[in-house]
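Trainee: I would be grateful for a close look at one loop of this model, together with the sheet that surrounds the discussion.

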Amino acid sequence: MAETAAPRIALVIPALNEEQAIGATLAEIPVGVVDEVIVADGGSTDATREIAIAAGATALASGRGFGRACLEGVCEARGADIIAFMDADGADDPAFLPALLAPLKAGTADFAIASRTRGVREPGSMAWHQVAAGRVAGFGMRALYGVAYSDMCTFRAIRRDALVGLGMRELTYGWNIEMQMRAARAGLAIVEIPVAYRRRRGGLSKVAGNLGTTVTAGTRIVSTFLRVATQLSGARLEGLRAK
């Protein structure tokens, strides 16, 4: 009997001015766990891209926008069967990549998302409002779709064909929650993996760095939630058209 070929895995890392962290982040990726590392650079004015290239990653100029960077990374990874995502700031621990990928490789899940709130968090790694936002969003998605998420962090992995089928369109910080909502609504097999979470290695957080960035990111996330929640699924829409 012929052996089934191992799935090809790409790791997409959206980045913007992360020269203090990107080198160490890439160095920590376990050898042999992923086949390709793509750093999707959103217009860094520092040495992020140069450091990524020197470390052996593909450095992609994606244009501004967190979701845009993720989407461009997916487009770049055309030959991948599974796409993993991770932040560039060193807060996500790459040692948990095998655990995140395991259910997809085994065929027991389509989408695996890391949960920082269910894992061990380094003091100061998450602000209270980040924890609260994840719980509120999780409550809303459970009410809508019956799927209980406890977090909406970047660290996740999904089958590429399943992701393409979701019809993602959000190019901002709403990308993560849009993926979770669309995955739940599509009936994908979803699993949460508790992970350890650390403080960023340097630089300023683009989401929780100050009041302005927090408000901007929060507004994008809320508007994305409302937009996706009020959209009819393809199946329901076709049913209405047939009446």
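Mentor: In this predicted model, Asn17 lies in the loop that runs between strand 1 (9-15) and helix 1 (22-27). Most residues other than glycine have a negative phi. Asn17 is not a glycine, yet has a positive phi of about 55°. Its relative accessibility is 29%, so Asn17 counts as partly exposed, since that class lies between the limits of 20% and 50%.

A second loop, between strand 4 (82-85) and helix 4 (97-105), holds Asp89. Asp89 has a relative accessibility of 9% and therefore counts as buried, the cut-off being under 20%. Leaving aside neighbours within four places in sequence, the residues in contact with Asp89 are Glu18, Ala21, Thr25, Arg200 and Arg201. With one of these, Arg200, the contact includes a polar one between the two side chains, at 3.3 Å.

Strands 1 and 4 also belong to the sheet, an open one of 7 strands in the order 3-2-1-4-6-5-7 with mixed pairing. Its edges are strand 3 (58-61) and strand 7 (190-194), each of which pairs on one side only. From one strand to the next, the twist averages 20°. Within this order, strand 5 (residues 111-115) and strand 6 (residues 156-159) pair in the antiparallel sense over 3 bridges. Phe111 stands opposite Ile158 of strand 6.

Definitions and conventions
Residues numbered from 1 in each chain as written. Predicted model: local features only at pLDDT ≥ 70, side-chain atom pairs only at ≥ 80, totals over all residues. Heavy atoms only, no water. Helix = DSSP H or I, 4+ residues; strand = E, 2+ residues; numbered from the N terminus. Buried < 20%, exposed > 50% of the residue type's maximum accessible area, 1.4 Å probe, protein only. Polar contact = N/O pair within 3.5 Å; in protein donor to acceptor, adjacent residues only side chain to side chain. Contact = heavy atoms within 4.5 Å. Pairing = 2+ DSSP bridges. Axes fitted to C-alpha atoms, helices over the stretch in contact; angles between N-to-C directions.
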